[in-house]
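Visitor: I would like to learn how to read a model like this one. Please take me through it feature by feature.

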Amino acid sequence: MSPGRAYCRGALKRGLDIALALAALLILAPILLLLAAAVLLTSGLPVLFTQERIGMDGRSFRLLKLRTMRRDASRGLPLTAAGDRRVTRVGRYLRAAKLDELPQLVNVLAGDMSLVGPRPEVPLYVARYTPEQRRVLDARPGLTDPASVLFREEEALLGSVPDQSRERYYLEDILPKKLGMNLTYIDRASLGYDLLLVLKTIKVVFWPGKP
């Protein structure tokens, strides 16, 4: 087992996840309540969106998000492009600032996710992984990963291709690159690398234009 993989599955990373996620939930609770109220008042119930994702060792779990789309949005592709009409007005702001992802701190506490790790995919797309790509399931999925930083504008990329080609573009071009980056992450993972990725994520979310 590589040192990175051992770290991803070890007690140090899990302990830090629990401590930091719990602290973040306590600090951010008022903000989460305000965001939930904004969703409720503008688009009704449910406030949370849940979706099946595949986590460590191929186990499925329910990913939590603040709902940013209309209630009938599940009829479309599990991909969101810039200008997607399924996204609500409030949802556009939540997605731009990644605030819709905050409920996943509960997923972290439950052990389904980590603060840093490969972003989890839907079963439909995981079923297409090669044996090598399935190594990303050796680690808990995370709130952020190296691909989240590089593909910060993924929705804009998906919006640049025709609707009928969007899923193929994601599966053949974007997803393999993301998986390659996350396989490298698992091999290199460490506490210092995780902290660096968290700082990079904060930068691209709040100061995207700065070098």
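Visitor: Where is the place of D57?

Guide: This is a predicted model. In it, D57 sits in the loop between strand 1 and strand 2.

Visitor: What is phi of D57?

Guide: The general idea comes first. Most residues other than glycine have a negative phi, and most peptide bonds are trans. Now the case here: phi of D57 is near 60 degrees, a positive value in a residue other than glycine.

Visitor: Is D57 buried or exposed?

Guide: D57 has 42% relative accessibility, so it counts as partly exposed. The band in question runs from 20% to 50%.

Visitor: How many residues lie between the strands in the hairpin?

Guide: The hairpin of strand 1 and strand 2 has five residues between the strands. D57, with its positive phi, belongs to this hairpin.

Visitor: In which sense do strand 1 and strand 2 pair?

Guide: Strand 1 covers residues 48-54 and strand 2 covers residues 60-66. They pair in the antiparallel sense, over seven bridges. For a register mark, take T50: it stands opposite L64 in strand 2.

Visitor: How do side chains point in a strand?

Guide: In a regular strand they alternate between the two faces of the sheet.

Visitor: Which residue in the loop between helix 3 and helix 4 should I look at?

Guide: Look at K98. It is found in the loop between helix 3 (89-96) and helix 4 (104-110). Phi of K98 is near 65 degrees, a positive value in a residue other than glycine. With 35% relative accessibility, K98 counts as partly exposed.

Visitor: Which residues does a cis peptide bond join?

Guide: L45 and P46, with omega about -5 degrees. P46 lies in the loop between helix 2 (11-43) and strand 1.

Visitor: Let us step back. How many helices and strands does the protein chain have?

Guide: Nine helices and four strands. Along the sequence the pattern is α-α-β-β-α-α-β-α-β-α-α-α-α.

Visitor: What is the radius of gyration of the protein chain?

Guide: The protein chain has 17 Å. A compact globule of 211 residues would have a value near 17 Å, so the two agree. The C-alpha trace spans about 50 × 40 × 40 Å along its principal axes.

Visitor: What share of the residues counts as buried?

Guide: Of the 211 residues, 47%. Contacts add to the picture. Among those between residues at least 6 apart in sequence, 69% join residues at least 24 apart.

Visitor: And the surface and charges?

Guide: The accessible surface comes to about 11,300 Å², with 62% belonging to carbon and sulfur atoms. There are 32 positive and 21 negative side chains. The centres of the two sets lie 4 Å apart.

Conventions: Residues are numbered from 1 along each chain as its sequence is written. This is a predicted model: local features need pLDDT of at least 70, side-chain atom pairs count only at pLDDT 80 or more; totals for chains, interfaces and linings use all residues. Side-chain values use heavy atoms; hydrogens and water are left out. Helices (H or I, at least four residues) and strands (E, at least two) are DSSP runs, numbered from the N terminus. The radius of gyration is taken over C-alpha atoms; the globule rule is 2.2 Å times the number of residues to the power 0.38. Buried means under 20% relative accessible area, exposed over 50%, partly exposed in between (1.4 Å probe, protein chains only). Contact means heavy atoms within 4.5 Å. Accessible areas come from the Shrake-Rupley method with a 1.4 Å probe; for residues, only the protein chains shown count as cover. Lys and Arg count as positive and Asp and Glu as negative; His and the chain ends are not counted. The place of a charge is taken as NZ of Lys, CZ of Arg, CG of Asp or CD of Glu. Two strands pair if DSSP finds at least two bridges between them.
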